Amino acid sequence: MAKELKKRQILLDPKTVLRLMNRLGLKCLVRLKKYRSYRGNVGKIAPNILKRDFSAKKPNQKWVTDVTEFHLFGEKLYLSPILDLFNGEIIAYNIEKRPVYPLVSRMLDQALRRLKPGDELILHSDQGWQYQMTLKQNNSTQSMSRKGNCLDNAVIENFFGLLKSELLYLQKFESMEHFQQELEEYMYYYNYKRMKAKLKDLIPVEYRIQVQEAAKIFCLTLLGQFTHMILVSALNIMRDP
């Protein structure tokens, strides 16, 4: 909250902000209801290649994914997102009323279109039946959490906690359709408006763009220096008899 106020040119000490939030009854509420997708071995169980190394040096290097369940108005809704560990960006997601295979496959179709030649991707998930049937048709490396160990996929679990505490538990909804609309708006907010301390208070998309632009400038600078060296060498050769 203090960082958001700072971004709006309102400078207050974080302790003052916390005291005012307490006075107004504003609190962070985190509750999780884990969707269990494990149904035994229905396909291939991949090893845990990620091994809780949630760092990534560039986009499309490590993705994590899972499914979460929402239960409102006597109905259920399922969200399947993919998060890039480089900047915490949700690069693709799908919403369905039932935990069917297209819940995951359609999301993957969206996400895999972002891959570029040369990308070496690790996609980490739990051992859910959908993921056991997933990446046979592409060159990505599949990684899976150990059975019953949610800490192996802690980053996506943390995202679900933020989503539910900032949306599900703090707003009132008129219907499941209304909730789905707000959910889709939250996904946009998370990528394009929500600052992350880990990203130096930048938003995920903003951070990715800045890093990519910096890399592009660096490459152009190197290319310019190399071109200059070639021209100088060529001129020297032409001058010598």
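A salt bridge here is a side-chain nitrogen of Lys or Arg within 4 Å of a carboxyl oxygen of Asp or Glu. With that in hand, here are the close-ups of this predicted model.

**View 1. D53 and K62 pair up in a salt bridge.** The closest N and O atoms of D53 and K62 sit 3.2 Å apart. The two partners differ in cover: D53 is partly exposed, because its relative accessibility is 36%, whereas K62 is buried, with a relative accessible area of 11%. K62 also turns up among the contacts of L83, if you leave aside neighbours within four places in sequence. In total, the structure holds 7 salt bridges.

**View 2. R208 reaches E89 across distant parts of the chain.** R208 belongs to helix 6 (residues 204-239) and E89 to strand 4, and 119 residues separate them in sequence. Their side chains meet at 2.7 Å, N to O. Both ends are tucked in: R208 counts as buried at 15% relative accessibility, and E89 counts as buried at 3%. Strand 4 (residues 89-96) also has the highest mean pLDDT among the elements of the chain, at 97.

**View 3. R52, R146 and D152 share a salt-bridge network.** Salt bridges with partners in common join these three residues. Within the network, the closest N and O atoms of R146 and D152 are 2.9 Å apart. R146 is partly exposed at 45% relative accessibility, while D152 is buried, with a relative accessible area of 0%.

**View 4. Here is the largest nonpolar core, with 27 residues.** F70, L79, L83, F159, L163, F179 and L183 touch the most other members. Strand 2 (68-72), strand 3 (75-84), strand 4, helix 4 (154-168) and helix 5 (176-192) each put in at least two residues. Helix 4 gives the largest share, with 7 residues. Zoom in on L83 and, beyond its neighbours within four places in sequence, you find contacts including W63, V64, I90, V155, I156, F159 and Y190. Another core lies apart from this one, with 16 residues, among them W63, Y78, L123 and Y131.

**View 5. Helix 5 shows its buried residues.** They are M176, F179, E182, L183, Y186, M187, Y190 and N191. An α-helix has 3.6 residues a turn, so residues three or four places apart point the same way. Helix 5 runs for 17 residues and reaches 24 Å from its first C-alpha to its last, close to the 24 Å expected at 1.5 Å a residue.

**View 6. S80 sits in strand 3.** S80 is buried, with a relative accessible area of 0%. Not counting neighbours within four places in sequence, S80 is in contact with T65, D66, V67, A92, Y93, N94, L103, V104, M107 and Y131.

**View 7. Confidence varies along the chain.** The average pLDDT is 82, and 74% of the residues score at least 70. Helix 1 (residues 2-7) has the lowest mean pLDDT among the elements, at 61. Over residues 28-33 the pLDDT is below 50, and this stretch has 17 contacts in the model beyond near neighbours in sequence. Over residues 37-43 the pLDDT is below 50 too, with 15 contacts on that same basis.

Technical notes: Residues are numbered from 1 along each chain as its sequence is written. This is a predicted model: local features need pLDDT of at least 70, side-chain atom pairs count only at pLDDT 80 or more; totals for chains, interfaces and linings use all residues. Side-chain values use heavy atoms; hydrogens and water are left out. pLDDT is the predictor's confidence in each residue, from 0 to 100. Helices (H or I, at least four residues) and strands (E, at least two) are DSSP runs, numbered from the N terminus. Contact means heavy atoms within 4.5 Å. A nonpolar core is a set of buried Ala, Val, Leu, Ile, Met, Phe, Trp, Tyr and Cys residues joined through side-chain atoms within 4.5 Å. Buried means under 20% relative accessible area, exposed over 50%, partly exposed in between (1.4 Å probe, protein chains only). The expected span of a helix is 1.5 Å times one less than its number of residues.
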